[in-house]
Amino acid sequence: MKDILTDTFGRKHNYLRISLTERCNLRCTYCMPAEGIQLSPKEHIMTYEEIYTIAKKFVDLGVTKIRLTGGEPLVRKDVSQILEQLALLPVQLTLTTNGIMVDRFIDLFKKCKIKSLNVSLDSLKAEKNRKITRRSYFEKVYQNILLLIREGFTVKINCVLMKGFNDDEIIDFIKLTKEHPIQVRFIEFMPFDGNRWKMDQMVSLQDILQRVTTHFDQKNCIKQQDALNDTTKSYRIKGYQGTFAIISSVTNPFCDGCNRIRLTANGQIKNCLFSSKESDILTPLRQGHSITSIIEHAIQSKFKVRSGMDTIDKFKQTDAHNNRSMITIGG
Ligand code: SAM
Ligand code: SF4
């Protein structure tokens, strides 16, 4: 069979990220515009049967890993059905969540053989969390992270760093990895529609490493082996159980090993997080047409680097980012 998931640069796209919803119970400033977003009409959102049909098509073509995201995937009413259905596919199933509701799903996660979850947490201080998420759920999220660890899940904490806001907590976050076998991932703040991104607000890979090595000493900061498809550059502090990692999409894009393809909640394929072009897969599916050629075209038209923004100068021009808000993409 023709390998349609391999693009013109030889990258095989075996990892599908499905956004289940544009809704969320938080309002993170870097993700959700202050004025809110225009939600897609309900009838434009994929049903759970459509999600399964599209996911199965991707799996038949070679996808081996599926991540559910959003918005907040766990606020979707039929998320349990979706998880149970997707668990029937021969894939590694996982999700990215803000952690507020995970305690209600522990048994289901186990039943669906979910082994690992990414949970977002941008500050270890309740007040700062309230500021960045515009809601007060710090304690709940923190307790749920501890619960996931106790229940044996692999937990990765996603922390978007913003200069002058939470970059003073880098060391405190890393100290969490002393006793807990988790990975803390610092994410460079990225530009999306409505998030008022400024380059000078971003904390870069280089900044982070400098602070870490100043605090812990270079010799205690041990580089870990990253897989080709990893978006992270990972490290362990000597003697610590867990690791920390940096996702440097802005200053050091990891496009060479990209194996990701995204499906938005309203059924559009995005071949790159930064692409403004999308391919509608839901309308043809509903019309009873084959979706294979649309998937093929989406993969084949993928740029080598960040949807064509291959230099930092191109990336810095915010008008180059004709993209959705992150909340409607699914990070
Ligand atoms: N609601 C879930 C959550 O918060 O984990 C899943 C969706 S959220 C869009 C997925 C990830 O994207 C989160 O880890 C979030 O921190 C990250 N993210 C959102 N906006 C971002 C931005 N502007 N720059 C970098 N990461 C961002
Ligand atoms: Fe919601 Fe996640 Fe976006 Fe925060 S980052 S607003 S939790 S979707």
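# Exercises on a predicted model

Strands S3 (92-97), S5 (154-161) and S6 each give at least two residues to the shell around ligand 1. The model you see above is a predicted one, and the exercises below walk through parts of it together.

## Exercise 1: The surroundings of ligand 1

Task: Find which residues come nearest to ligand 1, and work out which polar contacts hold for Glu-72, Thr-97 and Asn-158.

Solution.

Step 1. Start with the shell. There are 20 residues around ligand 1, and Tyr-30, Gly-71, Ser-120, Asn-158 and Met-190 come nearest.

Step 2. Sort the shell by class. Eight of its residues are nonpolar, 10 are polar and two are charged.

Step 3. Look for polar contacts, using the cut-off of 3.5 Å between N or O atoms. A nitrogen atom of ligand 1 is 3.1 Å from an N or O atom in the side chain of Glu-72, so this pair is within the cut-off. With Thr-97 the partner is a polar backbone atom, 3.2 Å from an oxygen atom of ligand 1. With Asn-158 the partner is a polar side-chain atom, 3.1 Å from an oxygen atom of ligand 1.

Step 4. Finish with the cover. On its own, ligand 1 has 540 Å² of accessible area, and the protein covers 96% of that.

## Exercise 2: The surroundings of ligand 2

Task: List the residues around ligand 2 and describe their classes.

Solution.

Step 1. Read off the neighbours. They are Cys-24, Leu-26, Cys-28, Tyr-30, Cys-31, Gly-71 and Asn-98.

Step 2. Sort them. Five are nonpolar and two are polar, while no charged residue is found in this shell.

Step 3. Compare the lists of names. Tyr-30 and Gly-71 are around ligand 2, and they are also among the residues that come nearest to ligand 1.

## Exercise 3: A cluster of rings

Task: Decide why the pair of Phe-186 and Phe-244 is called tilted, and why the pair of Tyr-235 and Phe-244 is called stacked.

Solution.

Step 1. Begin with the count. Ring centres must lie within 6.5 Å to form a pair, and the count for this model comes to eight aromatic pairs.

Step 2. Take Phe-186 and Phe-244. Their ring centres are 6.4 Å apart and their planes meet at 55°, so the pair is tilted.

Step 3. Place both residues in the fold. Phe-186 belongs to strand S6 (residues 183-188) and Phe-244 to strand S9 (residues 243-247), so the pair ties together parts that are 58 residues apart in sequence.

Step 4. Check the burial. Phe-186 is buried, with a relative accessible area of 0%. Phe-244 is also buried, at 1% relative accessibility.

Step 5. Now take Tyr-235 and Phe-244. Here the centres are 5.3 Å apart and the planes are at 20°, so this pair is stacked. Tyr-235 counts as buried too, with a relative accessible area of 10%.

Step 6. Put the picture together. Ring pairs join Phe-173, Phe-186, Tyr-235 and Phe-244 into a cluster.

## Exercise 4: Charges over rings

Task: Name the residue whose charged end sits over the ring of Tyr-235, then find what lies over the face of Tyr-15.

Solution.

Step 1. For Tyr-235, the residue is Lys-223, whose charged end is 5.0 Å from the ring centre.

Step 2. For Tyr-15, the residue over the face is Lys-65, at 4.5 Å from the ring centre.

## Exercise 5: Positive phi angles

Task: Describe where Arg-134 and Arg-196 lie, and say whether each is exposed or partly exposed.

Solution.

Step 1. Recall the background. Most residues other than glycine have a negative phi.

Step 2. Look at Arg-134. Its phi is near 55°, a positive value. Arg-134 lies in the loop between helix H4 (126-133) and helix H5 (138-150), and at 30% relative accessibility it is partly exposed.

Step 3. Look at Arg-196. Its phi is positive as well, about 50°. Arg-196 sits in the loop between S6 and helix H7 (205-216), and at 62% relative accessibility it counts as exposed.

## Exercise 6: Buried or partly exposed?

Task: Sort Asn-118 and Asp-172 into buried or partly exposed.

Solution.

Step 1. Asn-118 is in strand S4 (residues 116-120). At 3% relative accessibility, Asn-118 is buried, because buried means under 20%.

Step 2. Asp-172 is in helix H6 (residues 170-179). At 36% relative accessibility, Asp-172 is partly exposed.

Notes:
Residues numbered from 1 in each chain as written. Chains lettered and ligands numbered in written order. Predicted model: local features only at pLDDT ≥ 70, side-chain atom pairs only at ≥ 80, totals over all residues. Heavy atoms only, no water. Near = heavy atom within 4 Å. Nonpolar A, V, L, I, M, F, W, Y, C, P; charged D, E, K, R; others polar. Phe/Tyr/Trp six-rings, centres within 6.5 Å; stacked < 30°, edge-to-face > 60°. Helix = DSSP H or I, 4+ residues; strand = E, 2+ residues; numbered from the N terminus. Buried < 20%, exposed > 50% of the residue type's maximum accessible area, 1.4 Å probe, protein only. Lys NZ or Arg CZ within 6 Å of the ring centre and 35° of its normal. Polar contact = N/O pair within 3.5 Å; in protein donor to acceptor, adjacent residues only side chain to side chain. Areas by Shrake-Rupley, 256 points an atom, 1.4 Å probe, with all protein chains shown as cover.
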